Amino acid sequence: MASPAALPPLPFNPSRVRSYLLRLPLFTRLAVLVIIVFWLLELQTVWSVVQWGSLIPDEMGLSSMYRLNTYPLIHTGFFHTFINLLAVTPLLERFEAEHGTLTAIALFTGPLSTFPAGIYLLIEKFVLHSNTAVVGASVWAFLLLGSESIRTFKSNPYFILGKYKIPTWTSPLFACVLVWILVANTSFLGHLCSVLIGYLLGLGYLKVFVPPEKILRWIEGKLNLLGRLPHYVSVDQKTYGRYGVLPTAGAPAGERGTPMSFLGDDQMAAAIRKLRNNPHFLFVRLPYILSLLFIIAGVVWLFLLPLDEYSRKNYISENALLPGQVHAYFSGSEQHIFRGYKSELEGLLGTDSGEEVQRPKSEERTPVISDKIQSILKATGLKVATQNYEYTSSGITHQGENIYAIIQAPRGDATEAIVLVAAWETVDGELNLNGVTLALTLARYFKRWSLWSKDIIFVFPPDSKSGTQAWIDAYHDMQRASVQPLPLKSGALQGGLVIEYPLNHRFQNIHIVYDGVNGQLPNLDLFNTAVSIAGGQMGIGTRLQEMWEHDGSYEKRLQTMLRGMVKQGFGYATGAHSSFMPYHIDAITLQTQGIGWQDEMALGRTVEGLTRSLNNLLEHLHQSFFFYLLMQTHRFVSIGTYLPSAMLIAGNFTIMAIALWLRTGYSTNPFSDTAPGQGEKPDGMSQTASKDAGNISTTQNPSNKVIERQLALPLTLVIGLHLAGLIPLHIFNNTSHANYTSATYASVVVNTLLPLLLAGVLSQYRTTIQQIHLIKSVSLLLLGLFLSALATLNFSLSFMIGLLCAPLSFVNRITADTTPILRYALSIAGLFFLNILSPPVVLLAGCAYFGVSIETVLTEAAFGWDVWGMWTQVIIWCVWWPAWIVGAALVGVSLF
Amino acid sequence: MTTFFLLVLVFFSLSAGSLASNYHENLHLQPLPPSSLLASFNFKSNTTRASFDRQHFQYFPRALGQILQHANTQELHLRFTTGRWDSESWGSRPWDGAKEGGTGVELWAWIDAADDEAAFSKWITLTQSLSGLFCASLNFIDSTKTTRPVTSFEPAGDHLPSENLHLLHGALPGEVVCTENLTPFLKLLPCKGKAGVASLLDGHKLFDASWQSMSIDVRPVCAESECLMQIDQTVDIVLDIDRSKRQRDNPIPRPVSPDKLVCDTSKSYHARDTCYPREQKAEKGWSITELFGRSISGPCPLVDGQGANEETVCLHVPQEREAHPIPDSVETKVTGDFTRCFTLPSSTPFDLTVPEQDIDTKVPLEEPVLHAERSIVGHGQERGGMRIIFDNPSPNKAVDFIYFESLPWFLRPYIHTLQATITGRDGIRRQAPTSEIIKETFYRPGIDRERGTQLELGLSVPPASRVTLNYDFEKAILRYTEYPPDANRGFNVAPAVIKVASPQAGRPIYLRTTSLLLPLPTPDFSMPYNVIILTSTVIALAFGSIFNLLVRRFVTAEEASALRAQTLKGRLAGRIVALRDRIRGKGSKVE
């Protein structure tokens, strides 16, 4: 991998934090040290420090007076210690710097610990009669805040918030209340006592406890404290205040003068310093490591999801649904009618009741059957209408006639409606005779009920792919010219159910299909209601994602989830319900599966129960999740848990892009920099060499020069490639279906040649290393942006594309320094590897793996683009493909 | 049907001519296809203007009368409606739509006031009082829901030219009409629903109807110099005969037992367990007791003529149809008409039984003059479209009508996008210039949170064609306190009112579209949303104050000025001050 021309300076100065810590005065250091020591002591189990030293009102006696002083130094756990240290250290440092070490010791070991403790004990024991132990340095923090606030009050008496004036001295009280509310197990009273003492301190009433300056000076002079103790703040220093001039005369040499001398002791500091002098690691190596880590973390994250700790149990969030709370009456003589309708339809279809002889095509079926269905529905008293539609995609014409009927809610006013769909053909192309008959019988049955608050619309489309799409488009008046508008309408659709019962025997389970177009999902409540009604009320098992056997093990869960992700990622319509999702109408398909003892009446009762639940809805389904991954009928992962996975993978591209961007903005100027080993450092110098160089020159950074980034070429190239993605997009969606196979092979060839052509052109024009880096940076930046945005909409697609693009972060131009043979070998191997991961090759491999022909897949995809409004192709050709071409071209450049 | 209602109207206007306090009631029953029954109750009381003004109420309800006097209301129309009239099956509307409102509650009144503001304050008084009287949320009719229609409504009463009348109109499409509105409605009647036809009005049956409308109209009727205050209360319901005949204790429509199924035995596959249901041709049999769960408990004794000769219950069926009233009742048939009427015997409860009968003659249904349908199209959170379809069934006559729409302020229509399309019977769509369809327009744009949009269009639909009006609108984003508790249900848009100028009778025909549900962009009101808002605020406050305390350096004023003097800005400022002082000093010297 190429080393950059030069490296930018670190974006932060780590020595600043360090120097603050190193300049902490003596008493503060001691206090911090003691607090840490006590915390460490608490880790053992033999002697409970907290029990020993905390301020327990009932334990107080003459012999345990030490508790009045020890309690601020003792903490209950790591976070308690850490947060209190974080709060108290700056305050204490400030106090000490202003008042001197001796005063600080005198006050903090004396009155400033014991007074709050005393007040607290009085109130707790004699007023409240309770026995709450307190412990921790927060008492000092609040005390100091209290005194600081009094000082603030003197100079700046009010906060003005609108027309209200809030005295500034109240701010510690607010903080006190907030801490009490936000942090569990804090003693409000204890904090209040310390704030009170803080006020007294701030107002000067505690001056009597401050040792007289004369005595302090005397002690200081006698013991030569300034000379002996490091970081001691003398009585004289304090008069200058925090930022006053520090007397240097008394400071021992080697202690205060050169803080660098500490470096040898501190490994951490050394590492930081090394990094500062040699950013090669930070800018060249670290991004690769981070990117790789991100990808690994993303994948591992995904595989953790099926565990119990990461997935959640399903629950019904919308209380109005009340699944399974009503008795379903669809049984008894309704079955006679079902058989009657079925025989009638069978007679017209020309099939006998056992097995179908020759299924007529939907076009032939339409006129006879359509009239029959309309007459049945009309006789039942429903409003019936039809809609003709025609779609053309890949040279194939899909046409048909939707029949639909509306049960008008008896006292409703056509504001809301529920849809029941029974397509003549299931999504697998089977004849859905039982489903259609069941819908007809249900229509007759539902008509008798007066409890419907919403209209119920029964739709009978000829197939599961185009019919509902035409209907729902026309319902919202968004249909194209070849689709007829609907003559009859109702209100806003609240939910949809699709019934599929193509079997000629009794079934065992209900298979719930829920994926929508472009990976949109229905509200989880609808799915849960279906599971709950079918399983809980009717005793019918439910399955999802064609997982017929599911024992709840990790493997099965993972398999279910991955199947769901593949469907979501491809974004095609998995059933007649899918077309509803883009209009924010939640819909699912109920498919029958297996050989069992459940009959059509059981399915009918399930549909009845579901319709009753939807009928209960007061508001559109909104309570539960819209983004989830299901791994079992009773377990799911919500977006908050799974999203980081795809985001990490998308983030790896962004990190690499940013690192490359930072690298391209600088160049070393060999003429101005005379430091040995730095200026002459050539590109691609080994890591060890630069480390040595860093160790040698302790005083100087490489004098990097900021240079202008030449953006015209990279931007033009990357944007041009993204626009060029429209060409294959157009070709693959608009040619005839017969040409798809040849078009795919042609695109494989083009994909092999195009990067080489680009590489040739790029090297022809003497593209600089900076431009090469910028091309990669811009391309990866766009890829990261697109994928992270996509992850929120279609997680699975973003994850899949992200994984397939992952090598693009790591491929780069092989530097010209490498020996030509190795270089050619590497780049040809790289190109070969990348070509395996090119979009058309992945498509071919996928088709071979699943055993479907490319023509079928691409015809389906083009149909999705034309009819369903599927966006998967756009992502492939306008996001994945350009990024891939750029990656391959960069590898190709090394050939020239 | 219209002719019948006209007859009733004429009859009442004749009886009103006598100009005396009186009370009439009437029940009109008409079977509607396929298996429904329209029951139309009408109650009419009069009182002279003089006694009304002296607060001497006899038949006129005192509660309402005092409200009207207090609110200076000269004419009042109040409607409670549920469901939709299925004009495809049931033909034209009862009373030509004059006695019905849009879904929910609709109120319009003519108020005598000096100016618009006074009228509005009286209107608020009126809605508040009526709200209490009728247990309805009429008090929610505020300025955003009040409109002042220009041409859609005309006063029905005879008003003095000296009065300065203001028409105000308000609608609550989301209001659910139920028993609590029926009880005060019945209390207004002289017999309080205890006797007479009103005794049939039971909440259980009334609110199980497919469509139901209650109306109250108060208007002054004048002849020569004398005036009457007339209150006209109607209840129109369409009962589903099958549903209403179910017993009260077993209301669940369970599947019938297999032997009671009516099957088409001619089918080849007909078997004991296979049944293709046969369509029933015969007219369904019913009786008043079966449908309403009770019989009419004698006439209201306050009715003029003591109810003995009053033909109170009328049935609108073909002459061949059998109808058996109880023996004491007197039946009157009008020859050549489909109407027959019965008197209520004063001693025994009245019942009427109409048995199941297979007859060919049907009462001809009157075709409505216009079909109208309105729906929201498009999808998404930001924009939408309104589509209104008018269908003129008449083969040779154009229909002229006024279309009145009041839209809530959060629906902002783009009137410039208003487009009209004409579709002939041949199905060919044609874009028409709006001026060809729209004869006149009255448009009052809405103001956010103050008033809604009011749109009145004078339209003309050519014969045998269907006109589609389209316009786009934008959905406003509400403040988060403005959302109702059920924000995700959507927001109701009041039904549009269509007034068709009827050429023969002079009285206009009214139609109303269904109300609409408008989904607005809604924030996620769930617990995390609230938690995020609250914690962010708290953290911001806490962080701000503590950070301020920690990093701010406190110095005295003198120190501060000394410090400032060190900076470049301070030095520059000092120079400028010095320069200014010097110039001023020079100036004063010159003087």
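How many helices and strands are there in chain A? Chain A has 33 helices and 15 strands. The model is predicted. Chain A runs to 896 residues, and 47% of them count as buried. Its contacts reach far along the sequence. Among those with a separation of 6 or more, 81% join residues 24 or more positions apart.

Next comes the contact between the chains. Chain A puts 47 residues into it, and chain B puts in 45 residues. On the side of chain A that touches chain B, helix H8 (138–155), helix H9 (171–182) and helix H16 (334–349) each supply at least two residues. H16(A) gives the largest share, eight residues. What is the make-up of this side by class? The side of chain A that touches chain B has 16 nonpolar, 19 polar and twelve charged residues.

Now take one helix of chain A. Helix H25 covers residues 712–724, which is 13 residues. At 1.5 Å a residue, H25(A) should span 18 Å. Its end C-alpha atoms are 18 Å apart, so expectation and model agree.

Which residues of H25(A) are buried? They are A:Pro714, A:Leu717, A:Val718, A:Leu721 and A:His722. These buried residues sit on the same side of H25(A), because they cover an arc of only 125 degrees around the axis. The other side of H25(A) has exposed residues: A:Ala712, A:Thr716, A:Gly720 and A:Leu723. What do the buried residues of H25(A) pack against? Their partners are helix H28 (769–793) and helix H33 (872–893) of chain A.

Finally, move to chain B and a single residue. Where does B:Phe338 lie? B:Phe338 is in the loop between strand E12 (331–333) and strand E13 (339–343) of chain B. Is this loop residue buried or exposed? B:Phe338 has 20 other C-beta atoms within 10 Å. The cut-off for burial is 20 or more, so B:Phe338 counts as buried.

Which residues does B:Phe338 touch, leaving aside those up to four places away in sequence? B:Phe338 touches B:His316, B:Val317, B:Pro318 and B:Val363. B:Tyr59 offers a reference point elsewhere in chain B. B:Phe338 and B:Tyr59 are 279 residues apart along the chain, and their C-alpha atoms are separated by 32 Å.

Terms used: Residues numbered from 1 in each chain as written. Chains lettered and ligands numbered in written order. Predicted model: local features only at pLDDT ≥ 70, side-chain atom pairs only at ≥ 80, totals over all residues. Helix = DSSP H or I, 4+ residues; strand = E, 2+ residues; numbered from the N terminus. Buried ≥ 20, exposed ≤ 12 C-beta atoms within 10 Å, placed from the backbone. Contact = placed C-beta atoms within 7 Å. Nonpolar A, V, L, I, M, F, W, Y, C, P; charged D, E, K, R; others polar. Expected span 1.5 Å × (residues − 1). Arc of directions from axis to C-beta.
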